[in-house]
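Subject: Handover of a structure and findings

Dear colleague,

Please find the structure below, handed over for your further work. The findings follow directly after it.

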Amino acid sequence: MKPTPILFLGDSPDLMTGLGRISRALSIRVSSLPEFRVGFLGRGGCGSSQLPFHQYIFDERWGWGEQHLERVWREFSRGERGVLMTIWDPTRLHWLVDPRPGAFDESTIRFLRQPPFRRWGYFPVDATGPGGRLTGLASAAIRPYDRRLAYTAWGAEIISRSIGVETDWLPHGYDPGPFQPRDRVAGRMSLNVTEHDLLIGCVMTNQARKDWGLACTILASLKPRLPNLRAWFHVDTLIREWSLPTLIQDYGLADIIRITL
């Protein structure tokens, strides 16, 4: 039996973003299964020869892959039917299930409306909209999928409630090497924070959807009320979508913030 082509779509698997790490771990695991032949259409990054599958990379300026998917699928699938598995927030994927005239040419619309693949999705659910459900746009993007997975049992419950279809969940693991409990006193000492300080931590990548501006606004509002306030920022890079040095300076937070990369 020939292996089924499965093309992942998400943050490039060589990126250090949270979704990039998840994409890398999942696609590597699937590539070890004889039932599948794996490819990856990744946003951003450069690709890596260390990964055991072919990668197609597109620049972040080209949206979410809508301009590349048809060409890449035809090249990767070799004319066979298969699976497209997305690893993204559903609000980024509405075009995949409901392509609108004017946004695409007729050929692309036909391709997306009658795709030569089943749509599988691994959806992060971090919050709900009104009524404890996903927003209308997110629900509309998820509903037409052939198979849906959430990251947590809670996320699966929210998706099921929102679209009226039972949803399974698959937890993503973590690397126990760097991620393990640390001694509280030693950890605070490494950040030059005393046991009497109130420490607020914020761990996010430097992406537009991670609202570092909001984080700094909140800290600036708390600072006058809490003289023992300290903040810890753990981030992948200081300047990308946000300039953290500029935010810290503009909000007058340099004396309370500790940064690690």
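A residue is called buried here if its relative accessible area is under 20%. By that criterion, helix α6, which spans residues 153-163, has these buried residues: G155, A156, I158, I159, S160, S162 and I163. Please note that the model is predicted.

The cover over the buried residues of α6 includes strands β5 (117-123), β6 (147-150) and β7 (168-169), together with helix α5 (136-142). An α-helix has 3.6 residues a turn, so residues three or four places apart point the same way. After α6 comes G164, which has a positive phi, near 75°.

Turning to the nonpolar cores, the largest contains 48 residues, and L7, F8 and L69 have the most contacts inside it. Another core lies apart from it; this one has 15 residues, including C202, W212, I256 and I257.

F8 merits a closer description. Leaving aside residues up to four places away in sequence, F8 touches L26, S27, V30, V38, G39, F40, L41, M85 and I87.

As to aromatic contacts, the structure holds 10 aromatic pairs. One of them is formed by F8 and F40, which are stacked with 5.9 Å centre to centre and 15° between the planes. F8 belongs to strand β1 (residues 4-11) and F40 to strand β2 (residues 36-43), so this pair ties together parts that are 32 residues apart in sequence. Both F8 and F40 are buried.

F40 also pairs with F53: the ring centres are 6.3 Å apart and the planes stand at 25°, so this pair is stacked. It links distant parts of the chain, with F40 in strand β2 and F53 in the loop between β2 and β3 (54-58), 13 residues apart. F40 counts as buried because its relative accessibility is 0%; F53 counts as buried because its relative accessibility is 7%.

Elsewhere among the aromatic residues, W73, F76, F111 and F117 are linked into a cluster by ring pairs.

Which residue lies over the face of F76? It is R37, at 4.7 Å from the ring centre. In addition, R43 has its charged end over the ring of W64, 4.0 Å from the centre of that ring.

With kind regards

Methods
Residues numbered from 1 in each chain as written. Predicted model: local features only at pLDDT ≥ 70, side-chain atom pairs only at ≥ 80, totals over all residues. Heavy atoms only, no water. Core = buried A, V, L, I, M, F, W, Y, C linked by side-chain atoms within 4.5 Å. Buried < 20%, exposed > 50% of the residue type's maximum accessible area, 1.4 Å probe, protein only. Contact = heavy atoms within 4.5 Å. Helix = DSSP H or I, 4+ residues; strand = E, 2+ residues; numbered from the N terminus. Phe/Tyr/Trp six-rings, centres within 6.5 Å; stacked < 30°, edge-to-face > 60°. Lys NZ or Arg CZ within 6 Å of the ring centre and 35° of its normal.
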